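Q: Here is a model I would like to learn to read. Can we go through it feature by feature?

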Amino acid sequence: MKKIILFIITILIASQIFGDVKIGLLTYRIGSTGAVVVRESGFGPGDNNDSFYNNYIFPPSTVIIPDSINYNNVKIPVVGIAAHALHGCDIVGKLVVPNTVREIGEQAFAQTYIDTLIIGDNVVSLGNELFYNCEYLRYCYIGNSVSTIN
């Protein structure tokens with residue numbers, strides 16, 4: 001019984017989430033394996049102001065997700081993009097996903113105004129309906145390490 005309790009405690013500690021950090025337009029969830037983009041932090045669809053020019057980054061810009069973030073003076077690698085993280089986001093233009101990201105969750109980029117997407121070479125898993133209703137997407141580069149596309 002003691003071994004089971006010790007095992008459960010070890011699992012809980014290993015999977016501990018340390019907290020969310022907002023850096024620029026993105027919010028990251030810090031965990032024991034690294035940081036995951038969990039949401040876009042700017043205005044987006046459904047906010048109080050429905051004007052396109054007030055809700056979205058305009059003119060078009062380039063958003064580069066960093067390969068790491070600093071959290072309490074510790075460099076934490078960005079290892080994933082959560083499901084629905086940028087769904088309906090206010091990024092207009094180009095999005096670059098770094099080589100440190102290994103997984104991108106379902107509908108992570110759904111209903112966005114992204115027109116160019118560069119996904120790093122170390123991504124191995126792409127979630128279901130990743131580009132759902134991305135009518136502005138004109139160019140997408142996906143690295144050669146992808147082994148799972150849902």
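Q: How far is the sulfur of Cys89 from the closest cysteine sulfur?
A: First the general idea: a disulfide is a covalent bond between the sulfur atoms of two cysteines. Now the case in this predicted model. The sulfur of Cys89 lies 8.8 Å from the closest cysteine sulfur, that of Cys134, which is too far for a bond. The cut-off for a disulfide is 2.5 Å. Cys134 is in no disulfide, its nearest cysteine sulfur being that of Cys89.

Q: What is the disulfide count, then?
A: The count is zero.

Q: Is Cys89 buried or exposed? And Cys134, buried or exposed?
A: Read the relative accessible area: under 20% is buried. Cys89 has 1%, so Cys89 is buried. Cys134 has 13%, so Cys134 is buried too.

Q: Next, charges. How many salt bridges are there?
A: The idea is simple. Side chains of opposite charge can pair when their charged atoms come close. Here the count comes to one salt bridge. Asp20 pairs with Arg29, and the closest N and O atoms are 2.8 Å apart. The cut-off is 4 Å, so 2.8 Å qualifies.

Q: How accessible are Asp20 and Arg29?
A: Between 20% and 50%, a residue counts as partly exposed. Asp20 has 36% relative accessibility and is partly exposed. Arg29 has a relative accessible area of 32% and is partly exposed as well.

Q: Which residue has its C-alpha atom 9.2 Å from that of Asp20?
A: Compare separation along the chain with separation in space. Gly31 sits eleven residues from Asp20 along the chain, and their C-alpha atoms are separated by 9.2 Å. Gly31 belongs to strand β2, residues 26-31. Its relative accessible area is 19%, under the 20% cut-off, so Gly31 counts as buried.

Q: How many residues separate Val21 and Asn70 along the chain?
A: They are 49 residues apart along the chain, with C-alpha atoms separated by 9.5 Å. Val21 lies in strand β1, residues 17-23. At 15% relative accessibility, Val21 is buried.

Q: Let me zoom out. How many helices and strands does the protein have?
A: List the elements, then their order. There are two helices and twelve strands. From the N terminus, the order is α-β-β-β-α-β-β-β-β-β-β-β-β-β.

Q: What share of the residues is buried?
A: Of the 150 residues in the protein, 37% are buried.

Q: Now the backbone. Which non-glycine residue has a positive phi of about 65°?
A: Most residues other than glycine have a negative phi, and most peptide bonds are trans. Asn73 departs from that pattern with its positive phi of about 65°. Asn73 is found in the loop between β5 (68-71) and β6. At 82% relative accessibility, Asn73 is exposed.

Q: And which one has a positive phi of about 50°?
A: That is Gln107, which is not a glycine either. Gln107 is found in the loop between β8 and β9. Its relative accessible area is 12%, so Gln107 is buried.

Q: What does the side chain of Thr112 reach?
A: Look for N or O partners of a side chain. The side chain of Thr112 reaches the backbone oxygen of Phe109 at 3.0 Å. Thr112 lies in the loop between β8 and β9 (113-119). With a relative accessible area of 3%, Thr112 is buried.

Q: Last feature. How much space lies in the largest pocket?
A: Read a pocket by volume, then lining, then chemistry. The largest pocket holds about 160 Å³ of space. Its lining includes Val36, Val79, Ile81, Arg102, Glu103, Glu106 and Ser125.

Q: Which strands each supply at least two residues of that lining?
A: They are β6 (74-81) and β8 (103-104). Strand β6 gives the most, with three residues.

Q: How do the lining residues divide by type?
A: Five are nonpolar, four polar and three charged. Among the lining residues are Arg102, Glu103 and Glu106. Arg and Glu count as charged, and Gly counts as polar. Gly80, Gly105 and Gly127 are also part of the lining.

Methods:
Residues numbered from 1 in each chain as written. Predicted model: local features only at pLDDT ≥ 70, side-chain atom pairs only at ≥ 80, totals over all residues. Heavy atoms only, no water. Salt bridge = Lys/Arg side-chain N within 4 Å of Asp/Glu carboxyl O. Buried < 20%, exposed > 50% of the residue type's maximum accessible area, 1.4 Å probe, protein only. 1 Å grid on protein atoms, 1.4 Å probe; cavity = no way out; pocket = protein on both sides within 12 Å on 5 of 7 lines; lining within 4 Å. Points joined across faces, edges and corners; volume = space filled by probe spheres on them. Helix = DSSP H or I, 4+ residues; strand = E, 2+ residues; numbered from the N terminus. Polar contact = N/O pair within 3.5 Å; in protein donor to acceptor, adjacent residues only side chain to side chain.
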